[in-house]
Amino acid sequence: MYTQLEQRGMHQPPVNVSTLHKMKSDGEPIACLTAYDASYASLVDAAGVDLILVGDSLGMVIQGHDTTVPVTVDDIVYHTRAVAKGLRRAFLVADMPFMSYSNPDQALENAVRLMQQGGAMMIKLEGGEGQIDIVEHLARHDIPVCAHLGLKPQSVHKIGGFKVQGRDADKAKEMIESARRLQDAGSDIVLLECVPNEVGQTITQSLDVPVIGIGAGPSVDGQILVLYDILDITQGKTPRFVRNFQQDHTSPLAAVEAYVKAVKDGSYPAPEHCFS
Ligand code: KIV
């Protein structure tokens with residue numbers, strides 16, 4: 001992982017929070033992907049991905065569960081440590097799993113584990129009004145935070161399935177307000193999953209921090225997808241927002257490079273990947 005010496009000779013310096021904020025203000029789309037091990041992390045980094053997330057989606061794509069609920073902090077630490085070994089340039093974010101941030105002190109303790117033992121540079125948590133005090137507590141301790149809004153997969157059993165969020169005007173208003181409050185509480189990035197284009201656009205325009213979308217339309221500051229979905233490894237039905245980048249390419253590296261290019265030139269997401 002990027003040592004001080006290597007950094008000096010690098011053509012492109014490692015991405016940090018300031019880089020991501022500058023990309024937003026310059027209007028340069030941020031290309032993000034998940035990864036779960038050192039080999040894929042190294043490939044994704046070499047392809048030019050700006051931000052890598054060790055998502056709790058690993059519970060589904062690595063461990064074979066139906067949801068992300070069974071994932072533990074130990075699981076995320078293990079995979080984050082492996083991913084960190086493969087990185088040279090990309091910014092590394094690790095997910096806080098289900099019930100690992102149910103109060104501010106527990107959140108701080110687990111975030112510190114992901115950073116100290118895993119090597120994460122930022123943690124992501126599924127947030128809303130109920131997590132404002134947690135984000136404030138983490139921010140007060142200089143823990144960089146990405147707040148995940150919209151479809152929150154850890155709440156799948158409460159919301160009754162993986163569904164588009166914010167279609168109803170009141171719910172959209174609530175989400176826009178929560179995004180602002182999470183930013184004010186200290187979130188450095190907001191991630192939006194499965195929301196109508198218009199909600200993605202309104203939140204992106206009303207926040208100073210970068211907004212990364214997955215099924216949140218073309219107007220957000222960056223896109224993220226699950227690596228195994230774009231490489232066509234995921235079996236069965238994939239969500240509407242997924243595009244198979246492997247089908248026109250002979251190697252995984254070429255497929256990920258095509259994803260980065262499509263995010264940067266705005267050709268992904270196309271209307272068929274979006275919600276209204
Ligand atoms: O866990 C994950 O991989 C995620 C992304 C889908 C954004 O949260």
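Student: Which atom of the ligand is 3.0 Å from an N or O atom in the side chain of Asp-56?

Tutor: A polar contact to a ligand is a pair of N or O atoms within 3.5 Å. In this case an oxygen atom of the ligand lies 3.0 Å from an N or O atom in the Asp-56 side chain. For the side chain of Ser-57, the distance from an N or O atom to a ligand oxygen is 2.5 Å, and for a polar side-chain atom of Asp-95 it is 3.2 Å.

Student: What area does the ligand expose when taken alone?

Tutor: Accessible areas come from the Shrake-Rupley method with a 1.4 Å probe. Alone, the ligand exposes 260 Å², and the protein buries 95% of that.

Student: What should I know about the model?

Tutor: The model is predicted, with pLDDT of at least 70 needed for local features and 80 or more for side-chain atom pairs, while totals for chains, interfaces and linings use all residues. Residues are numbered from 1 along each chain as its sequence is written, and side-chain values use heavy atoms, with hydrogens and water left out.

Student: Which residues surround the ligand?

Tutor: A residue is near a molecule if one of its heavy atoms lies within 4 Å of it. Among those around the ligand are Thr-34, Lys-124, His-148 and Val-226.

Student: Is Thr-34 buried or exposed?

Tutor: Buried means under 20% relative accessible area, exposed over 50%, and partly exposed in between (1.4 Å probe, protein chains only). Thr-34 counts as buried because its relative accessibility is 3%.

Definitions and conventions. A polar contact is a pair of N or O atoms within 3.5 Å; within protein, one must be able to donate a hydrogen and the other to accept it, and residues adjacent in sequence count only if both atoms are side-chain atoms.
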